[in-house]
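Grab your viewer and work through a few short exercises on this model. Each one has a task, followed by a solution in steps.

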Amino acid sequence: MATPLFDISPSPLKTIAVVGLGTMGTGITEVLARAGREVVGIDISEEAAARCVAALESSTARAVARGRLTERERADALARVRTRTDLAAAADADLVVEVAPESYETKQQIFRELDRIVRPEAILATGTNALSVTRLAADSAHPERMLGLHFFNPAQAMRLVEIVSSVLTAPQAVQAVTDLALELGKEPVAVGDRPGFVADGLLFGYLNQAAAMYEGRYASREDIDAAMRLGCGLPMGPLALLDLIGVDTARTVLEAMYAESRDRLHAPAPILKQLSEAGLTGRKAGRGFYTYEAPGSGVVVRDALTPPSGDVLAPGRPVRSVGVAGSGIMASGIAEVFARAGYEVVLAARSAEKAQAAKARIGKSLSRSVDKGRLSAEAAARTLDRVTATGTLDDFADVDLAVEAVAEDLVVKQQLFAALDKVCKPGAVLATTTSSLPVVACARATSRPHEVIGMHFFNPAPAMKLVEVVRTVLTADDVHATVREVCARIGKHAVDCGDRAGFIVNALLFPYLNNAVKMVQEHYASLDDIDAAMKLGGGYPMGPFELLDVVGLDVSLAIEKVLHREFRDPGLAPAPLLEHLVAAGCLGRKTGRGFREHARR
């Protein structure tokens, strides 16, 4: 029987060398040492090695202060770490993890030297997230023992580890490293070799689009970041995250992704090159998209681009009463928001019965708030009394603000705005809650397009803090100011954006969701692995397929078609798999089946 090319002992990987002691290498070193492994930290720079030791002492001291380590455990962990400046120190390692700068030349040189130093059964792992593991392995004397081991920053906190196999990697090496990841308390996800892998492959396309959106002056950096935090529940906005990752690092990853995909969504936004070459690489430099208190600090300070703190908007129009047109979940939610803020609300539907049903839905929502102790019974009763349900738009005659929340159909909305134009008094502001249709098309259905604006609430309206305020080229300044003032009064965070498909949130969210579908369509990774990768590695509250099934595959497809039609970018074309599922009636939770099976409600 032939001898296998690669054979390792079934015993755990006990001694591990970490090559490169920057932020990520230091974090990996701490994770390994705290898990009982002997760690040799190697860096050509004595200063880097010293910084690593100091960082380990500081980080473990904080862990003790927080009750996550005992003093004895801390001392034992620190005793398991030794630092060196020569690769020869890796000679006895069972596993070597390389986290050197993202350069083929640098990494290949390291692995060539390691081939001569380490034992034949040792495993070699690269921490790259941008370069080809296969290309690095092919240059090695023993490609079967090489793989990718991609931790996420900070390694101590982030649970995801992507384990990347090339076509040359031996299964024994993958299994040994997978077992190690589990022993470290991580969630290993097995992926194939392509730039970005799963998490960064989806994340960096989204970050790139956000950079391009900012560069095109569509919205301010603060509004882009607030929109994605508040609209999607993300822990950080995309531009702040780019500063944390490093603008230069993001550019390198995107260059590698674009070289393989040739997808324009991966072509680095020019501003990334401009900032990188100017040395404005983010937090580590003290300045990137934002300006920081000092290099390495996460404290943002004011700069020339920071919006004025005072209210510099034109005076708005007085708003005492609000009309909400519609009877669905969004309409009743928006009506509740206004009523809770003290406005008199007229809720109009196509019939008195539908209007009463919508008001009853508000009553149930308020009752839940009372049950949870968020609202007194008396306040709930007063709020509901402020809502007048009606089956006719004629009752909008005296409202100061009319908000449309009907079906996402342009013809239906235009007909409604034509009716509002006739019914509402002169000076009333007319707002649409559309998430994907042109606001100006609704405005042009009236004789007063300067008084029409977009107010895109997010579902559920009572809970979600974000409102995208959408000005058209015709919207008057005082109309814009009025809506901003109203948003503040109802406790919402308003972000300004122009009248184009998707506004901020959907324009950034749905291409990311579409790219996740393409990953599954191409059999690159499973639904579960992709969802886990984005929740554990990207901090997303839901994985892309969980979210698609909640939103509805038909709704998602419609938005993606609008984006593709607006921007004419081939990379935005809806994934065929999504189209096929919609055609088959698999629309998500509402039909019991989407990307996954669901219990019918």
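**Exercise 1: Salt bridges in helices**

Arg 340 is partly exposed, with a relative accessible area of 35%. Keep in mind that this is a predicted model.

Task: Find which residue forms a salt bridge with Arg 340, and work out how the two sit in their helix.

Solution:
- Step 1. The partner of Arg 340 is Glu 336, and the closest N and O atoms are 3.1 Å apart. That passes the 4 Å cut-off for a salt bridge.
- Step 2. Both residues belong to helix α12 (residues 329-340), and because they are four residues apart, about one helical turn separates them.
- Step 3. Now check the cover: Glu 336 has 2% relative accessibility, so it counts as buried, while Arg 340 at 35% is partly exposed.

**Exercise 2: Another pair in a helix**

Task: Say whether Arg 72 is buried or exposed, and find its salt-bridge partner.

Solution:
- Step 1. Arg 72 has a relative accessible area of 61%; exposed means over 50%, so Arg 72 is exposed.
- Step 2. The salt bridge goes to Asp 76, with 3.3 Å between the closest N and O atoms.
- Step 3. Asp 76 comes out at 31%, which makes it partly exposed.
- Step 4. Arg 72 and Asp 76 are four residues apart in helix α3 (residues 71-79), so the separation is about one helical turn.

**Exercise 3: Bridging two helices**

Task: Work out which parts are tied together by the pair Glu 546 and Lys 535.

Solution:
- Step 1. The two side chains meet in a salt bridge, 3.2 Å from N to O.
- Step 2. Glu 546 is in helix α20 (residues 544-551) and Lys 535 in helix α19 (residues 527-538), so the pair ties together parts 11 residues apart in sequence.
- Step 3. Glu 546 is partly exposed at 26% relative accessibility, and Lys 535 is partly exposed at 33%.
- Step 4. For context, a search of the whole structure turns up 30 salt bridges. One network of salt bridges links Arg 317, Asp 421, Arg 448, Glu 451 and Asp 478.

**Exercise 4: A threonine side chain**

Task: Find which backbone oxygen the side chain of Thr 482 reaches.

Solution:
- Step 1. Place Thr 482 in helix α17 (residues 477-489).
- Step 2. Its relative accessibility is 1%, so Thr 482 counts as buried.
- Step 3. The Thr 482 side chain reaches the backbone oxygen of Asp 478 at 2.6 Å. Asp 478 also takes part in the salt-bridge network from the previous exercise.

**Exercise 5: Backbone oddities**

Task: Locate two cis peptide bonds, then look at phi of Phe 197 and Arg 262.

Solution:
- Step 1. Asn 153 to Pro 154 is cis, with omega near -5 degrees; Pro 154 lies in the loop between β6 (146-151) and β7 (160-164).
- Step 2. Asn 459 and Pro 460 are also joined by a cis bond, with omega about 0 degrees. Pro 460 lies in the loop between β16 (452-457) and β17 (466-471).
- Step 3. Phe 197 has phi near 55 degrees, positive in a residue other than glycine, and Arg 262 likewise has phi near 55 degrees.
- Step 4. Compare their cover: Phe 197 is buried at 0% relative accessibility, whereas Arg 262 is exposed at 56%.
- Step 5. Phe 197 is in the loop between β8 (187-191) and α7 (199-215), and Arg 262 is in the loop between α10 (247-261) and α11 (270-277).

Technical notes:
Residues are numbered from 1 along each chain as its sequence is written. This is a predicted model: local features need pLDDT of at least 70, side-chain atom pairs count only at pLDDT 80 or more; totals for chains, interfaces and linings use all residues. Side-chain values use heavy atoms; hydrogens and water are left out. Buried means under 20% relative accessible area, exposed over 50%, partly exposed in between (1.4 Å probe, protein chains only). A polar contact is a pair of N or O atoms within 3.5 Å; within protein, one must be able to donate a hydrogen and the other to accept it, and residues adjacent in sequence count only if both atoms are side-chain atoms.
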